[in-house]
Amino acid sequence: MLILLLSIFGDAGNLLLDKYNFLRNKITPQQYNIGLFLFLTLFSAISLVWFYGINDFQSVAWLWLLAVIAVAVIWNIGYAKVLSQENLEEFESFILFTPLITTLFVWLFLGERSEKVFIASLIASLAFILAHLKKNHLVLHKSQKYLAGVVVMMSFESILIKQTLVYFSPALLYTLRTLIIFIVFLIIYRMSIKTIPHKSWVIFVLSGACGALYKIAQFAGFNNYGVIYTTLVLMLAPFIILLFDKLWLKERLHWRVIVSIIIILGSIGYATI
């Protein structure tokens, strides 16, 4: 469970820092992907000193890895583009659908058949969505339709990652994934790292550290607890961000958010027992 707690706080820190970078430093999607993946690669590579693990480098392993990278490149390009253009509140509301879609995909295609965990994750996912969904989010304009595709690709990647973890340790899989994606972005964007604003570098360092912690711990969670259970627990990360925002702005939490947190905690407890 410590692994999942680390992933929750890593995810929350990564999201907060990404928001700050786009809002305050006005970086472009290209600068975001280059800067972030540079430090994701560095920090995940450092983790190999302690967490290299057991790996099986047979041919099929590399095919699964290539599938993960292909999907990850597509959704990361879309993620950065939409995050730079979309209203952050609307952006976060669409990302809220990721746990529900992931749960359904894994149940249908991956064979995780614990009804207890599935039901708990389904209930928590719906509570998660209802806590934030507003009427204006039900009407999709062009960029939101694009974002819906990003959410589906993010969820689909979870299935590929679970399959690839049969051959690679979580730390090595994430290191290879980020390294190759970083190289792909350098080729696609044809831009120099020097074009990234100096004031963004500290944020990228912190975001890279939090992101590497989040994803490696998430991959380890997929390995040890299954994708659905890990997804269920990680639903707490956005609420940590929300609580931080409310405490910082000294605003009251909406009753729907409080009820949603109680339902999610209850679902985690039910799935754990």
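Is W64 buried, exposed or partly exposed? Select W64 and keep that question in mind while the view is set up.

**Before you start**

This is a predicted model, in which local features need pLDDT of at least 70 and side-chain atom pairs count only at pLDDT 80 or more, while totals for chains, interfaces and linings use all residues. Residues are numbered from 1 along each chain as its sequence is written, and side-chain values use heavy atoms, with hydrogens and water left out.

**Stop 1: W64**

At 27% relative accessibility, W64 is partly exposed; buried means under 20% relative accessible area, exposed over 50%, and partly exposed in between, with a 1.4 Å probe and protein chains only. W64 sits in helix α3. Helices here are DSSP runs of H or I with at least four residues, strands are runs of E with at least two, and both are numbered from the N terminus.

Now show what W64 touches: leaving out residues up to four places away in sequence, the list is L160, Q163, T164 and Y167. A contact means heavy atoms within 4.5 Å. Draw a C-alpha to C-alpha distance from W64 to L160 and you should find 6.9 Å, across 96 residues of sequence.

**Stop 2: T164**

Move on to T164, one of the residues that W64 touches. T164 belongs to helix α7, residues 142-164. With a relative accessible area of 0%, T164 is buried. Beyond four places in sequence, T164 touches A61, W64, L65, V68 and L173.

**Stop 3: the whole chain**

Zoom out and colour by secondary structure. You will see twelve helices and zero strands. Of the 273 residues in the chain, 53% are buried. Among contacts with a separation of 6 or more, 89% join residues 24 or more positions apart. The chain exposes about 13,300 Å², with carbon and sulfur atoms supplying 71% of that area; accessible areas come from the Shrake-Rupley method with a 1.4 Å probe, and for residues only the protein chains shown count as cover.

**Stop 4: the largest nonpolar core**

Which residues have the most contacts inside the largest nonpolar core? Select F168, Y229 and L232, which hold that place in a core of 67 residues. A nonpolar core is a set of buried Ala, Val, Leu, Ile, Met, Phe, Trp, Tyr and Cys residues joined through side-chain atoms within 4.5 Å. Helix α3, residues 59-85, gives the most to this core, with eleven residues.

Stay with L232 and display its partners: apart from neighbours within four places in sequence, L232 is in contact with A120, S121, A124, I264, S267, I268 and A271. Next, select helix α10, residues 227-234, where eight of eight residues are buried. Both Y229 and L232 are among the buried residues of α10.

From α10, step across to T102 in helix α5, residues 98-109. T102 counts as buried, at 3% relative accessibility. Outside four places in sequence, T102 touches S155, S158, V227 and T231; V227 and T231 are among the buried residues of α10.

**Stop 5: Y189 and Q30**

Select Y189 in helix α8 together with Q30 in helix α2. Their C-alpha atoms are separated by 6.6 Å, although the two residues are 159 residues apart along the chain. Y189 is buried, with a relative accessible area of 17%, whereas Q30 is partly exposed at 33%.

Other than neighbours within four places in sequence, Y189 is in contact with Q30, N33, I34 and I77. By the matching count, Q30 touches Y189 and M191. Extend the view to L186, and the C-alpha separation from Q30 reads 9.2 Å, with their positions 156 residues apart along the chain.

**Stop 6: the second largest pocket**

Rolling a probe the size of a water molecule over the atoms shows where empty space is left. On a 1 Å grid over the protein atoms alone, a pocket is an open set of points where a 1.4 Å probe fits, with protein on both sides within 12 Å along at least five of seven lines; lining residues have an atom within 4 Å of a point.

Select S47, F51, L213, I216 and A217: of the 17 lining residues, these are the closest to the centre of the second largest pocket. Its volume is about 370 Å³, taken as the space filled by probe spheres set on the points, with grid points joined across faces, edges and corners.

Colour α1 (2-24), α2 (29-51), α8 (170-189) and α9 (201-225), each of which supplies at least two lining residues. The most comes from α9, with six residues. By class, the lining has 14 nonpolar, three polar and no charged residues; Ala, Val, Leu, Ile, Met, Phe, Trp, Tyr, Cys and Pro count as nonpolar, Asp, Glu, Lys and Arg as charged, and the others, Gly among them, as polar.
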